[in-house]
Amino acid sequence: MSLVQFDSFGEPVLPASDKEHTAASRVALRSGVGLFWAMVVAIVAARAVYFDPSWSEKLNSVASLFGHLKTVIGV
């Protein structure tokens, strides 16, 4: 008698098949992973190229404004 496993919603989980993946699924998996990492590299490179240092200085002034506000309030 086989044990029946259930997922978190109470539905029975079918046993995993031990079949090998098909060539099409391997190609789809590798191309999806490659596309994901290519997008990661492109986004990081674009952020490095278009980084504006004056923008971070503006954030620093906003942070100091909140610091002064905390001092005035007494928190």
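D7 sits in the loop between β1 (5-6) and β2 (12-13). With 34% relative accessibility, D7 counts as partly exposed. The model is predicted. Its protein chain has an average pLDDT of 85, and 93% of the residues score at least 70.

**Strand β2 and the loop before it**
- From D7 to A23 is 16 residues in sequence and 29 Å in space, C-alpha to C-alpha.
- V13 belongs to strand β2.
- V13 has a relative accessible area of 39%, so this residue is partly exposed.
- V13 and P53 lie 40 residues apart along the chain, and 53 Å separates their C-alpha atoms.

**Confidence by element**
- Helix α1 (residues 23-49) has the highest mean pLDDT among the elements of the protein chain, at 95.
- Helix α2 has the lowest, at 81.
- Where pLDDT is low, predicted coordinates should not be read in detail.

**The aromatic pair**
- One aromatic pair turns up in a search of the whole structure.
- The partners are F36 and W37, with ring centres 5.0 Å apart.
- Their planes meet at 75 degrees, so the pair is edge-to-face; the cut-off for that class is over 60.
- F36 is partly exposed, at 48% relative accessibility.
- W37 reaches 51% and therefore counts as exposed, a class that starts over 50%.

**The loop between α1 and α2**
- D52 is found in the loop between α1 and α2.
- Its relative accessibility is 40%, so D52 counts as partly exposed.
- D52 and S31 are 21 residues apart in sequence. Their C-alpha atoms are 33 Å apart in space.

**Helix α2**
- Helix α2 covers residues 53-73, and I73 is part of it.
- The helix has 21 residues, which at 1.5 Å a residue should span 30 Å.
- The end C-alpha atoms of α2 are 31 Å apart, which agrees with that expected span.
- Of the 21 residues of α2, zero are buried, so the helix lies largely in the open. Buried here would mean under 20% relative accessible area.
- I73 fits that picture: at 57% relative accessibility, this residue counts as exposed.
- G74 follows α2. The phi of G74 is positive, near 90 degrees.

**A nonpolar surface patch**
- V62, F66, L69, I73 and V75 form a nonpolar patch on the surface.
- Together these residues have about 520 Å² of accessible area.
- One of the patch members, I73, lies in helix α2 and is exposed at 57% relative accessibility.

Terms used: Residues are numbered from 1 along each chain as its sequence is written. This is a predicted model: local features need pLDDT of at least 70, side-chain atom pairs count only at pLDDT 80 or more; totals for chains, interfaces and linings use all residues. Side-chain values use heavy atoms; hydrogens and water are left out. Patches are made of residues with over 30% relative accessible area and no salt bridge: like charges are joined within 9 Å, nonpolar side chains (Val, Leu, Ile, Met, Phe, Trp, Tyr) within 5 Å. Accessible areas come from the Shrake-Rupley method with a 1.4 Å probe; for residues, only the protein chains shown count as cover. A salt bridge is a side-chain nitrogen of Lys or Arg within 4 Å of a carboxyl oxygen of Asp or Glu. Helices (H or I, at least four residues) and strands (E, at least two) are DSSP runs, numbered from the N terminus. Buried means under 20% relative accessible area, exposed over 50%, partly exposed in between (1.4 Å probe, protein chains only). The expected span of a helix is 1.5 Å times one less than its number of residues. pLDDT is the predictor's confidence in each residue, from 0 to 100. Rings of Phe, Tyr and Trp (its six-membered ring) pair if their centres lie within 6.5 Å; planes under 30 degrees apart count as stacked, over 60 as edge-to-face and the rest as tilted.
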